[in-house]
Amino acid sequence: MKTDIHDQLGLRRVINARGSYTPFGVSRSHDAVAAVVAESLKHYFVMSELAEAAGDRIANIYDVESVGFSHCAAGSITMAIAAVMVGEDMDLLYKLPDTCNISHRVVIQAGHLVNYGQPVEQAIRLAGAEVVVAGGQHGCTVEELEAALDTDDVCALMCVESRLCKPGTVAADQAVALAHKKGVTAVIDAAAQDLRLPDVLGFGADITITSGQKYYAGPTCGLALGSKSMVGAMALQEKGIGRAMKLTKEGIIGALAAVELRVQTDMDAWSAEQKSKSDDFAAHLNQIRHLTVACEADQTGLPFLRVRAALDEASAGHTAFQVAEHLAANDPMISVQEHELDKGVLNFEIIGLNRSELEIIYERLSDLLD
Ligand SMILES: *Cc1c(COP(=O)(O)O)cnc(C)c1O
């Protein structure tokens with residue numbers, strides 16, 4: 001018998017047009033991934049063997065030396081910075097977050113100071129590191145980045161690849177090369193960029209971090225791709241400040257299943273289906289009064305379209321904020337992206353939605369605006 005969790009607990013259903021958004025459970029897993037996760041929960045494993053075997057498989061797929069896991073990408077950021085600071089020195093590891101006498105400064109460009117639900121600089125500081133910000137409101141020049149990297153006691157450069165980043169930053173590949181020229185370790189947080197992971201790996205960072213639960217749609221898990229020594233030093237952190245960030249068996253097994261499912265998926269066909277779904281949805285919404293709707297490419301280069309609906313607030317008699325509130329105030333609640341509401345624009349990320357859910361969004365908007 002199928003149990004309905006929403007009904008059992010009296011919870012609202014969510015039509016999530018915001019994307020891989022943590023407060024709504026991030027993503028929905030494929031049946032095959034859910035099945036292997038459920039199976040994993042029934043067994044013991046030698047966790048170190050499980051992590052190594054699953055890591056080797058993923059490392060093979062992406063042609064990197066090693067892959068490690070943590071509870072989530074934010075945990076991987078903290079563990080990576082801790083690993084850069086102390087390596088395999090257990091005395092220093094147990095002292096963290098006390099970084100007395102250790103190179104402990106981490107450079108990050110001002111435009112990369114994103115908040116993904118937590119400010120990224122806090123994930124860095126949690127390891128005991130101190131953040132050195134390069135550049136400012138205007139962005140960051142190569143000279144400013146170089147000057148920051150020349151600060152005493154710098155051990156790492158943290159780069160963020162995300163649509164949350166501000167424009168005007170030094171591109172990741174160039175920033176990584178600058179760091180390496182100065183003997184500084186480079187870490188990239190590409191948590192929601194798994195769909196273009198091979199591109200991001202090409203930037204040459206020592207550790208590249210991504211999430212297992214965003215577009216991979218696995219259970220929550222952070223993946224760190226890099227050299228055997230860096231990934232090994234990160235794993236050691238589970239005996240220290242990484243204890244609360246440790247990998248789980250279901251996370252590792254689910255991440256592996258989700259990555260392998262991605263590899264088996266015909267991504268060209270997937271993109272074509274996403275494009276057709278977005279085009280159809282945009283054309284449909286365009287029939288609603290007061291809305292001007294178009295599809296837009298993702299600015300970071302993810303292989304799908306975003307649907308952008310500009311509201312004529314004056315003629316509609318509603319602001320975009322009010323429309324978003326109206327959509328969210330029901331069961332199922334409908335949630336749209338918020339970043340352009342102040343400009344009168346509703347943005348939809350729909351790759352995780354099916355056509356019948358899109359029809360509900362259309363109807364709810366049409367009821368309000370037509
Ligand atoms: C989502 C996200 C994170 C956090 O990922 P979790 O796996 O939820 O910890 C970190 N950085 C960026 C850029 C993100 O988009």
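This is a guided tour of the structure above, one selection at a time.

Before you click, keep in mind that this is a predicted model, in which local features need pLDDT of at least 70 and side-chain atom pairs count only at pLDDT 80 or more, while totals for chains, interfaces and linings use all residues. Residues are numbered from 1 along each chain as its sequence is written, and side-chain values use heavy atoms, with hydrogens and water left out.

**Stop 1: the seven-stranded sheet**

Switch to cartoon and pick out the open sheet of seven strands, ordered E2-E8-E7-E6-E5-E3-E4 with mixed pairing. Helices (H or I, at least four residues) and strands (E, at least two) are DSSP runs numbered from the N terminus, and two strands pair if DSSP finds at least two bridges between them. Select 66–70 and 130–134: these are E2 and E4, the edge strands, and each has a single partner strand, so one side of each lacks a neighbour in the sheet. From one strand to the next, the twist averages 25 degrees. Angles here run from 0 to 180 degrees between N-to-C directions, using axes fitted to C-alpha atoms, for helices over the stretch in contact.

Now add 222–226, strand E8, which runs antiparallel to E2 and is joined to it by five bridges. Zoom in on serine 66 and you'll find glycine 226 of E8 as its bridge partner.

Next, select 172–181. That's helix H8, lying across E3 (105–109), E5 (154–160) and E6 (185–189), at about 155 degrees to E6.

**Stop 2: the ligand**

Show the ligand with the 13 residues around it; Ala73, Asp189, Ser211, Gln213 and Lys214 come nearest. Being near takes a heavy atom within 4 Å. What is the make-up of the shell: how many nonpolar, polar and charged residues? The split is seven nonpolar, four polar and two charged. For that count, Ala, Val, Leu, Ile, Met, Phe, Trp, Tyr, Cys and Pro are nonpolar, Asp, Glu, Lys and Arg are charged, and the others, Gly among them, are polar.

Turn on distances. A side-chain N or O atom of aspartate 189 sits 2.6 Å from a ligand nitrogen. Glutamine 213 puts a polar side-chain atom 2.8 Å from a ligand oxygen, and for lysine 214 a side-chain N or O atom is 2.8 Å from an oxygen of the ligand. On its own the ligand has 390 Å² of accessible area, and the protein covers 92% of that (Shrake-Rupley method, 1.4 Å probe).

**Stop 3: the three-stranded sheet**

Move on to the open antiparallel sheet E9-E10-E12. Its edges are E9 (291–297) and E12 (345–348), each with a single partner strand, so one side of each is without a neighbour in the sheet. Ignoring direction, neighbouring strands are turned by 20 degrees against each other on average. E9 pairs with E10 (305–311) over seven bridges, and threonine 292 stands opposite alanine 310.

Select 267–285 for helix H12, which packs on this sheet, touching E9, E10 and E12, at about 10 degrees to E10. Contact means heavy atoms within 4.5 Å. Then try 320–328: helix H14 lies across E10 and E12, at about 40 degrees to E12.

**Stop 4: backbone oddities**

Most residues other than glycine have a negative phi, and most peptide bonds are trans. Select the loop between H5 (90–95) and E3, home to proline 97. The bond from leucine 96 to proline 97 is cis, with omega near 10 degrees. Asparagine 101 is found in the loop between H5 and E3, with a positive phi of about 70 degrees.

Finish at proline 332, in the loop between H14 and E11 (333–336). A cis peptide bond joins aspartate 331 to proline 332, with omega about 0 degrees.

Note on methods
A polar contact is a pair of N or O atoms within 3.5 Å; within protein, one must be able to donate a hydrogen and the other to accept it, and residues adjacent in sequence count only if both atoms are side-chain atoms.
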